[in-house]
Amino acid sequence: MPISKLSDAELVRLSREGQLSLSLEEMHEVKKYFASRKREPTDVELEAVAQTWSEHCGHKTFKGVFLTNEGEVKNIFKTYIAAATKKVGAPWCFSVFEDNAGIVEFEDDWLLSFKAETHNHPSALEPFGGAATGVGGVIRDILGAWGDPIANTDILCFGPLDFPDSKLPAGTKRPQYIHDGVISGIQTYGNNMGIPTVNGAIYFDESYVGNPLVFCGCLGMLRKKHYVRKTKSGDVALLVGGKTGRDGIHGVTFASVELHEKSEETSRSAVQIGDPIEEEKIKRAMLRVREAGLASGTTDLGGGGLSSAVTEIAQRTGGIDVHLDNVPLKYPMSEAWEIWISESQERMLLTVPPQNLDRVVSIFESEEVEAVPIGIFNSSGKLRIKYKGQIVADLDLAFMFGSSFVQKTDARAVQKKHEEPQFEQPSDLSAVLLKILGMPNVASKRRVIQKYDHEVKGNTVIKPLHCFGPGDAAVLKPLDGSWKGAVLSNGFNPEYGKISAYWMAASAIDEAIRNNAAVGGRRFAILDNFSWGSPQKPENALALLDACRACYDFGVAFNAPFISGKDSLYNESPLGSIAHTLVISALGIAPDVRKCVTMDVKKNGNALYLVGETKREFGGSHYYKSMGFLGASVPQVDKEKAPRIVSALTAAIDAGCVRSCHDLSEGGLGVALAESCFAGGLGASIELPNGMRPDLFLFSESNTRFLVETEDENALKKHFAGLPLLRLGDIGGNRVKVSAEGKVIVDAAVEELRDAWEGVPR
Amino acid sequence: MKACVMRAPGTNCDSEMVRALKEVGFDAPLVHINDVLREKNLAQYDALVFPGGFSYGDYIRSGAIWGKKFVAVLKNELRDFVAAKKPILGVCNGMQVLVEAGILPRTSDYPEAAMASNAFGYRCMWTWLRVEKNVCGTAGLYKKGEVLRAPIAHGEGRFTVVPGTEKKTLAELEGNDQIVFRYCRPDGSPAHGEYPWNPNGSLDGIAGICNPEGNVLAMMPHPERASFFWQFPDWTRGEKRSDGLRLFRGLAETVRRSI
């Protein structure tokens, strides 16, 4: 592949047309390197460099420089995300940001590993395959850190299902088609592999029409001794799993550019094909190998295929000789570069000391999984690849991992101003509540949840639909002989991001944590998953920076370290950028699952309390949205009070004085009260306090608030001494009644509220 | 007391099955189907268990590949096991396997029933089950008319027979006391084919059947996921159930009596 004589324009064209997705500066670096070696690069070498340097693998934006009106900010990952983790300094963090997944301590020598991935662009082109392989990929991330996958989570963002066809841009698929395909993909992969899908969310917004989002998370378990990461020179690189084919070529470089009309033609081959049963077999074999302690390291083959996996480990030992001929192929493939970067699914790389090789191979064979040595690690400082008797790549690892290119991102944008709408209180608030309950982002996701097996393994203690109400978090009891639980929750609200990315991120952290705390979780480890529009647009870049700042501020405030994360940038379509979307996934622990609390109200006569402060925060709320407003008063988080409220709730739950607890999010108190009541099949009468217009109080979306049911009011009050706690009323009857200023403003039968939420016509 | 919990590629409900069996006193080794087929020694076990999952991807039809693979190699051994009145339990994919293997509804060279696609597609949800016969060892320690809870998680669980023979088959199954569990409403009244009480459209609401001798039991709902109180969907409301575990206790008693 001659590049020494190419002009700048030709270099740019080669990068684009060859789907290398490298910048001109990077192409210059490549050109310079090969000029110094006095030869032209091979196609394998160019592709290998493109994989390693891709946004997907290299995170160039996060690690680059942001130019702001206040000066330069370097490496926003290190400055904000990693810095928060460092500042928190949690001793129970076992491995953060290092490996395929973040790992924290659980019980005795047991660890939990947690990771979430995005698979947005593949899901836009081929929803079923894109989502299925997204699930498969994140499960392999867990396997790649020696974890046994025990639960999946999925957060999905789609265009409105009733989006008119006439407004769809060319090459964009209908939201309903994408929705159905993505859900079947997740269903097929998770169910067939026998991993319960226990937590998630589905969100609809017009900005996702051209670029849906698929966040796949996986939780794993391992013992400390299982975690082996000591590949040495002389160890064998063992490729295990499915055969390699042409599916998933240029997946990472495709992920690093914007979607366009021709994506279907140019990048269909970037979507991989999944086979969950193959991965199930790999999982069995991997767990046997880890139990026997026979391997020295492992990583999964995901983005960038062999190229990323092999070079990542080779970098640790200092070099490798690869024999590409050994790679088992689905069909004859003549091009070495295709084999090298193919992202065919269900493949893992193990590193095995030579004396253990036979035993490892025989374990894989007994599970009917192919395992083939493809190279030997060394300390040559080089990545050398042999294919059909020729050296097809001979690259210095120092060059591959030593790119001096620093991405500069212009974040000199002006914050948009928003206005607060003025309107009279609607006369029929019951109707408003029923309407909000039926809005797509609030309404029941039961039909989807029931397509996912959330019970397999028999460890799901708190389920996604406990008593047919929307649970706040899922709890698993993964160890026989221990009552300790792992608590999974998430938080995100793209609507707030339309007003302020900073407060969106703060709210996402607050929501993930309050969901977790609502069932009895604590000691939160969190994941940050960014899906963003192109950072080359300054307004997107500034929002990204703001969100990262909030991550630092509130990760530290809640004492919640980030343990892993992922960024998917360039989520663009002909309809423009997606709404800024930061998903925070929280992993908490519950010391004794028998003390966990669910959101359904339990008993007539029990008192209902509102924990937390209700403020004039309606911007981005579903109340405003129901009237077509966005507003400006986005919910904020009180850095000082919020963590104290959460701790007080935890103490109250531990003391047994909380019978039910539900977090307040979209739709505020009104929706939370309705959900808790219809889940418990009981009514309630509450009285709103004076001082705020009743409709605003009912639907404010202020953060760090919970609806709490108690039998022991005095005990509850003690736990919240000095913190905002308001007695709302009592449980009873079969209607939900809200009164304010002496008048009943909401009065609806529990059944009616449930039907509105379930979408049952009345 | 040794129950062989088998697994094929794609089996994935084995860990909870092993746990439930151990809880009632079984030694419950988890054995790969290839080892079972190689050893050809079913007689060493007191009970055989086919757990749930997606064996061999459930390509063709659910349970078809595992069922055929098993009888292709071990037909006689399996029939001997059945004839010796030793218990066999199949849950979910295990039920599909036993039907495909020609063990249920009775021993036959070809399947006499099918576990067809659910009327409303795959569902993971809790169901109510009515016990249709009195304490039958393999089928647990239940009384006729009792209402149990257990979750289903399958896409192909609609018990079906050759069209036109439904009445005759049902009469036979009733006559032989082979219908063990039917889906029902929470109060135990018949589902009458109505969703969600009958979640998959199963013929006459059949959720679990046994062979005429009563030693082979198969069911689509998962008793191993309803064995401990904390597995139930409403345990936080105060009820402490263990419906599924009583099935395994019955199994254990049967085996204890026989050895």
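Two residues are in contact if their C-beta atoms, placed from the backbone, lie within 7 Å. Keep that cut-off in mind as you work through this predicted model.

**Exercise 1.** Find how many residues each chain brings to the contact, and describe the side of chain B.

*Solution.* Start with the count: chain A gives 29 residues and chain B gives 26 residues. Next, look for the elements of chain B that supply two or more residues to the side touching chain A: they are helix H1 (14–23), strand E6 (123–131) and strand E7 (147–154). Finally, sort that side of chain B by character: 11 residues are nonpolar, eight are polar and seven are charged.

**Exercise 2.** Trace the open sheet of nine strands in chain B and name its edge strands.

*Solution.* Walk across the sheet of chain B in the order E2-E1-E3-E4-E11-E10-E9-E6-E7, noting that the pairing is mixed. At the edges you meet strand E2 (30–32) and E7 of chain B, each of which pairs on one side only. On average, neighbouring strands are turned by 25 degrees against each other, direction ignored.

**Exercise 3.** Work out in which sense E1(B) and E2(B) pair, then find what packs on the sheet.

*Solution.* Strand E1 (residues 3–7) of chain B runs parallel to E2(B), with three bridges in the pairing. For one residue, take B:Arg7: its bridge partner in E2(B) is B:His32. Now turn to helix H6 (residues 243–258) of chain B, which packs on the sheet and touches strand E3 (47–50), strand E4 (88–91) and E7 of chain B. The direction of H6 makes about 100 degrees with that of E7(B).

**Exercise 4.** State which confidence scores come with the model and with chain B.

*Solution.* The model has ipTM 0.96 and pTM 0.96. For chain B, the mean pLDDT is 95, and 98% of its residues reach 70 or more.

Notes. Residues numbered from 1 in each chain as written. Chains lettered and ligands numbered in written order. Predicted model: local features only at pLDDT ≥ 70, side-chain atom pairs only at ≥ 80, totals over all residues. Helix = DSSP H or I, 4+ residues; strand = E, 2+ residues; numbered from the N terminus. Nonpolar A, V, L, I, M, F, W, Y, C, P; charged D, E, K, R; others polar. pLDDT = per-residue confidence, 0-100. Pairing = 2+ DSSP bridges. Axes fitted to C-alpha atoms, helices over the stretch in contact; angles between N-to-C directions.
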